[in-house]
Amino acid sequence: MKMNQKSSIESRIDYALILPVFFLLLIGLVAVYIAVNQDYPNNVATIVGQQVMWIFVGVGFAFLVMFFSTKFLWQMTPLLYLLGLGLMVLPIVFYSPELVASTGAKNWVTIRGVTLFQPSEFMKISYIIMTARTIVSFQKKYPIRNVQKDFQLIAYLVLWTLPVLGLLYFQKDLGTSLVFIAIFSGMVLISGVSWKILLPTFIGAVVLIGGFLLLFIAPGGTTFLYNIGMDTYKINRIAAWLDPFKNAKSTTYQQAQSLIAIGSGGLKGIGFNKTNLLVPVRESDMIFTVIGENFGFIGGVTLIGLYTLLIYRMLRITLQSNNRFYTYVSTGYIMMLLFHVFENIGAAIGVLPLTGIPLPFISQGGSSIISNLIGVGLMLSMSYQYTLSNEQRRNKSRTEKKITIKRVER
């Protein structure tokens with residue numbers, strides 16, 4: 001009986017989802033080792049060891065979450081959301097002035113000089129399942145929708161989004177705010193909101209972004225933005241994106257070094273554990289420069305291919321589950337991953353401005369690794385619950401057949 005139970009559990013695990021995650025984590029460990037070995041050779045064992053430990057912790061959480069039933073996850077969602085908000089208050093109170101001075105944001109909890117974790121990473125998962133629950137509840141209550149109801153649904157979603165963005169404002173973490181906006185946008189888009197709302201919103205966003213950029217490049221534009229409260233580091237990052245080599249020895253140094261490092265990799269890279277120049281924080285935010293420099297274009301394409309395979313598998317699981325709640329949870333997580341990947345790699349190659357967003361499963365950092373693996377656990381849970389329900393239906397069918405046969409024999 002125990003053997004059958006063990007076999008059943010193993011058969012419900014989606015190994016096709018685990019495989020790309022495994023290779024991404026492996027590539028991440030190699031990239032972190034190279035970055036740390038080049039920049040902090042005396043701390044290789046400590047930093048890489050911590051990364052391995054965080055991976056094991058994240059895998060443990062993913063394995064636990066895999067066994068969550070739909071009902072349990074649904075009931076726990078409000079509590080997880082409130083817990084996430086509570087944790088996000090901590091960095092505003094407990095922070096390192098030195099870390100804030102170097103990054104410009106209060107997004108890490110630091111107590112007595114020890115940096116512990118980044119609550120906003122875990123809040124992303126809580127926010128995703130909370131908005132998913134809200135959309136499903138609303139759709140059940142109002143199966144027939146109009147523009148007025150669509151606005152009402154958006155208002156509910158904004159209600160859960162504003163506290164998060166408010167706390168991120170006090171943390172001065174623009175990059176993470178953009179991640180939540182991306183998740184929000186994906187959720188609204190897939191919820192079936194009318195194009196009469198989506199189209200004007202999209203046009204308005206394009207006009208605002210275009211207007212901001214015109215103001216930024218206009219004579220005296222950056223001074224005006226600074227005077228109305230825009231942080232210096234944000235201005236510098238946008239300036240570095242627009243012209244990375246203008247002040248390559250000062251404010252745009254990181255962006256310029258990133259482009260040179262990736263460009264020097266060529267097709268195959270310069271070789272394992274080699275570097276030609278220094279790229280600040282390449283073990284975390286700029287980890288793609290390590291892959292580009294050491295493994296070249298082939299290494300970069302391989303990494304993007306693994307992300308594509310992972311997203312494809314998650315979409316297959318979503319379609320297979322045929323569950324609305326899971327569909328929205330999956331959508332939110334996929335939007336989160338896509339935004340992280342596009343923004344991180346885009347910033348490294350100069351297509352997008354730097355925001356300090358980590359590359360999923362690759363960048364050094366416990367909070368990001370653990371939260372992403374919790375997201376994988378949610379996807380595994382979808383597949384697990386689908387397989388389990390199929391098994392229960394088959395067992396029920398067999399039982400009914402046996403009862404029918406016995407009745408006929410009698």
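A residue is counted as buried when its relative accessible area is under 20%, and as exposed when that area is over 50%, with partly exposed residues in between. In the predicted model described here, Gln-139 has a relative accessibility of 11% and is therefore classed as buried. This residue lies in helix H6, and its side chain takes part in polar contacts with two other side chains, that of Tyr-328 at 2.7 Å and that of Arg-324 at 3.3 Å. When neighbours within four places in sequence are left aside, the residues in contact with Gln-139 are Arg-145, Ser-191, Arg-324 and Tyr-328, so that both polar partners recur in this list, as the cut-off for contact is heavy atoms within 4.5 Å.

Helix H6, which comprises residues 119-141, also contains Thr-131. With a relative accessibility of 1%, Thr-131 falls under the 20% limit and so counts as buried. Beyond its neighbours within four places in sequence, Thr-131 is in contact with Leu-157 and Met-187.

At the level of the whole protein, the model contains 15 helices and two strands. The C-alpha trace spans about 90 × 55 × 45 Å along its principal axes, and the radius of gyration is 24 Å, which agrees with the value near 22 Å that a compact globule of 410 residues would have. Buried residues make up 45% of the 410 residues, while the accessible surface comes to about 21,200 Å², with 67% of it belonging to carbon and sulfur atoms. Among contacts with a separation of 6 or more, 71% are accounted for by residues that stand 24 or more positions apart.

The largest nonpolar core has 84 residues, and those with the most contacts inside it are Val-164, Met-314, Tyr-333 and Phe-361. For Val-164, the contacts outside its neighbours within four places in sequence are made with Tyr-81, Leu-85, Met-88, Met-123, Tyr-127 and Phe-180. A second core, separate from the one that holds Val-164, consists of six residues, including Leu-277, Met-286, Ala-347 and Leu-354.

Two of the helices may be described by their spans and by the residues at their N-terminal ends. Helix H2, formed by residues 15-39, has 25 residues that should span 36 Å at 1.5 Å a residue, and the agreement follows because its end C-alpha atoms are 36 Å apart. At the start of H2, a side-chain oxygen of Asp-14 reaches to within 3.2 Å of the backbone nitrogen of Ala-16. The buried residues of H2 are Leu-17, Pro-20, Val-21, Leu-24, Leu-25, Gly-28, Ala-31, Val-32, Ile-34, Ala-35 and Val-36.

Helix H9, formed by residues 195-217, has 23 residues and reaches 33 Å from its first C-alpha to its last, close to the 33 Å expected at 1.5 Å a residue. The N-terminal end of H9 is capped by Ser-194, of which a side-chain oxygen lies 3.1 Å from the backbone nitrogen of Lys-196. Within H9 is found Ile-209, whose relative accessibility of 54% is over the 50% limit, so that this residue counts as exposed. The C-alpha atom of Ile-209 is 33 Å in space from that of Tyr-326, and the two residues are 117 residues apart in sequence.

Gly-346 has its place in helix H14, which comprises residues 324-348. Its relative accessible area is 6%, and Gly-346 is therefore buried. Not counting residues up to four places away in sequence, Gly-346 touches Val-341, Val-351 and Leu-352. Between the C-alpha atoms of Gly-346 and Trp-160 there is a separation of 29 Å, the two residues being 186 residues apart along the chain.

Finally, the loop between helix H12 (253-265) and helix H13 (287-321) contains Asn-273, for which phi is near 60°, a positive value in a residue other than glycine. Val-281 is also found in the loop between H12 and H13, and its phi, near 45°, is likewise positive in a residue other than glycine. With a relative accessibility of 33%, which lies between the limits of 20% and 50%, Val-281 counts as partly exposed.

Definitions and conventions:
Residues numbered from 1 in each chain as written. Predicted model: local features only at pLDDT ≥ 70, side-chain atom pairs only at ≥ 80, totals over all residues. Heavy atoms only, no water. Helix = DSSP H or I, 4+ residues; strand = E, 2+ residues; numbered from the N terminus. Expected span 1.5 Å × (residues − 1). Polar contact = N/O pair within 3.5 Å; in protein donor to acceptor, adjacent residues only side chain to side chain. Core = buried A, V, L, I, M, F, W, Y, C linked by side-chain atoms within 4.5 Å. Buried < 20%, exposed > 50% of the residue type's maximum accessible area, 1.4 Å probe, protein only. Rg over C-alpha atoms; globule rule 2.2 N^0.38 Å. Areas by Shrake-Rupley, 256 points an atom, 1.4 Å probe, with all protein chains shown as cover.
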